[in-house]
Amino acid sequence: MSGAEMDAVVARATAGLAALDDTLHQLSSARARVTHSSGLVSVEVDEHGGMCGLFFPESLSGADADELGRAVVETAARGAQLVAERRDRLLASLAERLSD
């Protein structure tokens, strides 16, 4: 293997490592904050799709407990879906970068 070929191999490996490192950083910081259409609740989910924040308006007077519960679950599910979609896009981008 010539010096130029070896340099090309090293450059490709370095670029792949940088792409992997960048993707891992983005994956570890992927979060979503979603507000329910009713405005009753906002939920933040972490990079694993788990709820890590739950936010309510200052007043919940008149809010039905069952409706509030459904709003929390629906909003958390939507946040988890957004994080999963972002994760899928990041991994697809990584695969594309590594296949070049």
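## Exercises on a three-strand sheet

Arg33 sits over the face of Phe55, 3.7 Å from the ring centre (a charge counts as over a ring if NZ of Lys or CZ of Arg is within 6 Å of the ring centre and within 35 degrees of the ring normal). Before you start: this is a predicted model, where local features need pLDDT of at least 70, side-chain atom pairs count only at pLDDT 80 or more, and totals for chains, interfaces and linings use all residues. Residues are numbered from 1 along each chain as its sequence is written, and side-chain values use heavy atoms, leaving out hydrogens and water.

**Exercise 1.** Find the order of the strands and say which stand at the edges.

*Solution.* Start with the terms: strands are DSSP runs of E with at least two residues, helices runs of H or I with at least four, numbered from the N terminus; two strands pair if DSSP finds at least two bridges between them. Next, read the order of the open, antiparallel sheet: S1-S2-S3. Strand S1 (32-35) and strand S3 (51-55) each have a single partner strand, so they stand at the edges with one side lacking a neighbour in the sheet.

**Exercise 2.** Describe how S2 and S3 pair.

*Solution.* First, locate S2 at residues 42-45; its antiparallel pairing with S3 spans 4 bridges. Then pick out one bridge: Glu44 partners Gly53 in S3. Finally, look at the hairpin, with 5 residues between the strands, where Gly49 has a positive phi near 85 degrees.
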